[in-house]
Each structure stands twice: as structure tokens, then as C-alpha cells.
Amino acid sequence: MSKVYFIDFRTTSGKSMLEKLKMLVTKAGIEKIDFDKRHVAIKIHFGEPGNLAYIRPNYAKVIVDKVKKLGGIPFLTDCNTLYVGRRNEGLNHLEAAYENGFTPFSTNTHVIIADGIKGTDDVEIPVDLEFVKRAKIGRAIADSDIIISMNHFKGHEGAGFGGALKNLGMGCGSRAGKMEMHSSGKPRVDEALCRFCKKCSNYCAQNAIAYLDTKKAYINQDLCVGCGKCIGACSFNAIRPIWNEAEDILVKKIAEYTLAVIKDKPNFHINFIMDVSPNCDCCSDNDMPIVPNIGILASFDPVAIDQASVDLVNAAPVIANSILGEKENTRDKFHGLHPDTNWESGIEHAEKIGLGERKYNLIKL
Ligand code: SF4
Ligand code: SF4
């Protein structure tokens with residue numbers, strides 16, 4: 001049974017949450033990892049500008065300082081998004097991170113957008129699983145020696161909830177990797193946005209992109225293998241994925257991508273059950289939390305920490321004037337928020353492929 005360590009949000013004079021977080025990760029055993037001269041990717045969501053529910057940079061500094069003290073070389077990281085927003089391109093993404101407070105002054109380290117300026121810099125990691133054969137992971141994450149995930153635990157529109165598995169699996173995929181998870185189809189060109197710059201065909205190994213007499217790009221659906229490389233290549237967001245993957249397959253693909261991220265690497269996970277918003281931090285707003293703040297968890301097991309987090313949220317009282325307070329009783333809070341999602345499929349699959357176990361021992365500090 002995996003150990004999951006827990007602290008609540010009560011503080012006393014001289015014992016701030018930052019001190020408590022330091023104590024939590026130490027008790028949970030982070031010092032067992034050999035950090036000496038290793039590159040350490042600290043995977044975190046910087047928050048879409050406008051969202052205020054993401055993890056505060058102050059918490060990131062605690063982990064950065066700890067890793068440095070243990071001899072590691074940490075950096076904060078995320079990959080570009082597939083959807084169009086302030087984080088779908090490397091420089092905008094970096095600016096969004098700075099705007100939300102993730103600067104070297106506040107965190108004591110640097111931000112690296114792992115899949116580069118266009119979201120095309122990835123490494124294919126073979127996993128040969130049921131849905132994913134070769135996962136496309138942002139290069140800076142793939143190149144790192146150790147993975148630490150700092151996960152804001154909240155609801156999620158596609159996965160039911162967002163925790164360690166979602167932050168690692170979906171979050172570490174390049175734009176092509178994200179397309180593989182979100183889509184069972186092939187991208188198409190939005191002709192209204194195409195400016196006929198002809199850059200996209202340089203990225204297509206299948207020669208699937210042609211140019212029409214109407215001065216628009218065109219994807220030959222028979223030749224296209226749906227690799228998604230061309231999506232990042234287009235600076236004008238004219239190449240669009242088809243967001244059609246079934247919700248229960250999406251969460252299984254996320255689990256398989258998570259395996260690719262942490263395979264053969266020491267890894268450690270921290271879930272923040274605070275400001276539990278109904279939706280992802282990718283939204284440029286965050287509705288009020290559905291439950292009171294609960295605590296912070298740490299574990300070596302990404303499955304156990306997510307299962308423990310789900311159970312803690314489901315056991316907590318609903319905040320009456322939140323969106324969940326307006327809904328009928330449902331089988332759990334995440335189905336209540338997003339009835340079409342199927343988080344159980346994802347966590348079951350994660351356990352099946354050996355990512356961790358759903359049974360856990362919750363150790364309250
Ligand atoms: S890169 Fe984008 S804008 Fe340029 S030709 Fe291709 S689809 Fe059109
Ligand atoms: S998805 Fe891949 S194969 Fe299809 S057009 Fe784009 S680059 Fe080519």
C-alpha cells in the first residue's frame with residue numbers, strides 16, 4: 001500500500017505553510033532521491049492569465065530551495081497548450097508565467113517551456129501500450145534526470161479532475177502529444193486563418209500538406225497520419241485539431257503519457273487541494289471553490305496521491321454558494337461538475353499499467 005503524506009492548512013506563529021511544506025516533503029522522503037548534479041524538472045501549471053487558482057510561486061520556491069540544497073539543478077517547466085490562448089507558444093507562455101509571478105526573483109530558478117517556442121521540440125519515448133506507442137514529450141522534460149510534479153488539484157472538463165496524472169501526462173506532452181491524447185482524428189486547415197506562408201509543409205514527413213490555387217493550405221486526409229507536428233508549425237493557428245477523443249479513452253491516454261514521462265526516472269509528487277475550482281487552470285477565469293481548502297499531499301506514487309485527493313474532496317462538504325451547491329446530488333463531486341467525464345477509467349488504467357496503486361495509507365503530519 002503506497003504512503004501518502006498529508007498536512008492541513010492550519011498555521012501557528014512561526015510555522016507558516018511554507019515551513020509546513022518543507023516538513024511535508026522531507027517526511028515523505030524526498031531526500032531519498034539522489035539529486036547530486038541532476039537536472040530536475042519541476043512540472044507545474046503557471047495558470048492562464050486571469051486565472052487566480054493556480055499554485056502560488058512561493059510554494060514552488062520551497063521545492064526549488066530543497067532540491068538545490070540536495071545538490072540538484074531544478075527548473076520550473078510546462079509544455080505549450082494545444083488550444084489557442086496565452087500559453088500555446090513559447091514566448092507568450094513564458095510571459096504568462098512571469099505575469100503570474102513565476103520569476104527567478106520569486107522562485108529562485110528559471111522557467112523553461114519544455115517543448116520550445118512553437119511546441120514542436122519533443123522527444124518520442126517508446127511505451128508500446130494499448131493506446132500510445134510512442135509518446136511525444138517536451139524535450140526539456142524528457143532530457144531531465146528527475147521529475148517532481150506540483151499539482152493543483154481541481155475539477156477538469158475532460159478528465160473529471162486534474163491532479164498528478166493530468167499534470168504529468170497531458171501537461172508534459174508537446175502540442176503533437178496533446179493532439180494524440182485529445183484526438184482520434186487528423187487536423188484540418190481553417191482556411192479563413194491561413195495566410196499562405198507555406199511553412200507547414202516543411203514539418204510534414206508524410207507530404208500530406210499541399211497548397212491550393214486559392215492560396216490556402218490543404219491537408220490530404222489519406223496521407224496524413226495525425227502526428228500533429230504541423231499544428232505547432234503554423235504561427236496563425238490555422239491548423240486545428242479535431243477534439244473528438246472519447247472521455248474514457250482520453251484519461252487512459254493521459255495515464256500512458258504519464259508512464260512515458262516518469263519511466264526510468266526518480267519521481268515525486270505534491271498535490272495542493274486548495275482553491276478547488278470546477279475547471280482547469282487553463283481557463284482564464286476560475287469560479288469559486290467547490291469545497292473548503294483541505295491540505296497538501298506528497299507521495300512517490302502518482303496514482304495513490306490522486307486517489308487520496310479524490311477521496312478527500314469527495315468527503316468534504318460542498319460550499320453552498322459554489323456551482324456544485326446548485327446541483328443535484330451526484331455519485332461524486334467530479335461527475336457532479338462534469339457528468340460526461342470518467343476519471344475512474346483513467347485511474348484504473350494507470351494502476352493496470354503499473355504507474356502505482358489506488359490503495360494508500362494516508363499519514364497525517
Ligand atoms: S503555416 Fe499556417 S498560415 Fe502558413 S500556409 Fe500553413 S496553414 Fe497556412
Ligand atoms: S498531422 Fe502530421 S502527417 Fe498530418 S499533415 Fe500534420 S504534419 Fe503531416
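How many helices and strands does the secondary structure of the protein come to? Show the whole chain as a cartoon: there are 12 helices and 16 strands. The radius of gyration is 20 Å, close to the 21 Å that the globule rule gives for 365 residues, so the protein is as compact as a globular protein of that length. Keep in mind while looking that this is a predicted model.

**The whole protein**

Stay with the full view for a moment. The C-alpha trace spans about 70 × 50 × 40 Å along its principal axes. Of the 365 residues, 51% are buried. Now consider contacts between residues at least 6 apart in sequence: 78% of them join residues at least 24 apart.

**The two domains**

Colour residues 2-182 and 245-364 in one colour for domain 1, and residues 188-240 in another for domain 2. The centres of the two domains, taken over C-alpha atoms, are separated by 32 Å. Where they touch, domain 1 contributes 8 residues and domain 2 contributes 8 residues. On the side of domain 1 that touches domain 2, 3 residues are nonpolar, 2 are polar and 3 are charged.

**The two ligands**

Select ligand 1 and the residues around it. Its shell holds 14 residues, and those that come nearest are Cys194, Cys197, Cys200, Ala217 and Cys234. Sorted by class, this shell has 11 nonpolar residues, no polar ones and 3 charged ones.

Move on to ligand 2. Which residues are the closest to it? They are Cys204, Ala208, Cys224, Cys227 and Cys230, out of 15 residues that surround ligand 2. The shell of ligand 2 divides into 10 nonpolar, 3 polar and 2 charged residues.

**Helix H1**

Select residues 17-27, which form helix H1, and show the side chains of its buried residues: Met17, Leu21, Leu24 and Val25. Why do they lie on the same side of H1? They cover an arc of only 90° around the axis, and this puts them on the same side of the helix. To see what they pack against, add strand S1 (2-7), helix H2 (57-69), strand S14 (267-273) and strand S15 (295-299). After H1 comes Gly29, with a positive phi near 100°.

**Helix H12**

Go next to residues 343-352, helix H12, where the buried residues are Trp343, Gly346, Ile347, His349 and Ala350. Their arc around the axis is only 160°, which puts these residues on the same side of H12. Among the elements that cover them are strand S9 (160-162), helix H6 (164-169) and helix H9 (247-262). Helix H10 (302-315) and helix H11 (333-337) are also included in that cover. The helix is followed by Gly354, whose phi is positive, near 90°.

**Two loop residues**

Finish with two residues other than glycine that have a positive phi. For Asn108, phi is near 70°. Find Asn108 in the loop between helix H4 (104-107) and strand S4 (111-113). Asn108 has 18 other C-beta atoms within 10 Å, so it is partly exposed.

The second is Lys215, with phi near 65°. Look for Lys215 in the loop between strand S11 (209-211) and strand S12 (217-219). Is Lys215 buried or exposed? Because it has 11 C-beta neighbours inside 10 Å, Lys215 counts as exposed; the cut-off for that class is 12 or fewer.

Technical notes: Residues numbered from 1 in each chain as written. Chains lettered and ligands numbered in written order. Predicted model: local features only at pLDDT ≥ 70, side-chain atom pairs only at ≥ 80, totals over all residues. Near = placed C-beta within 6 Å. Nonpolar A, V, L, I, M, F, W, Y, C, P; charged D, E, K, R; others polar. Buried ≥ 20, exposed ≤ 12 C-beta atoms within 10 Å, placed from the backbone. Helix = DSSP H or I, 4+ residues; strand = E, 2+ residues; numbered from the N terminus. Arc of directions from axis to C-beta. Contact = placed C-beta atoms within 7 Å. Rg over C-alpha atoms; globule rule 2.2 N^0.38 Å. Domains from an automatic or database assignment.
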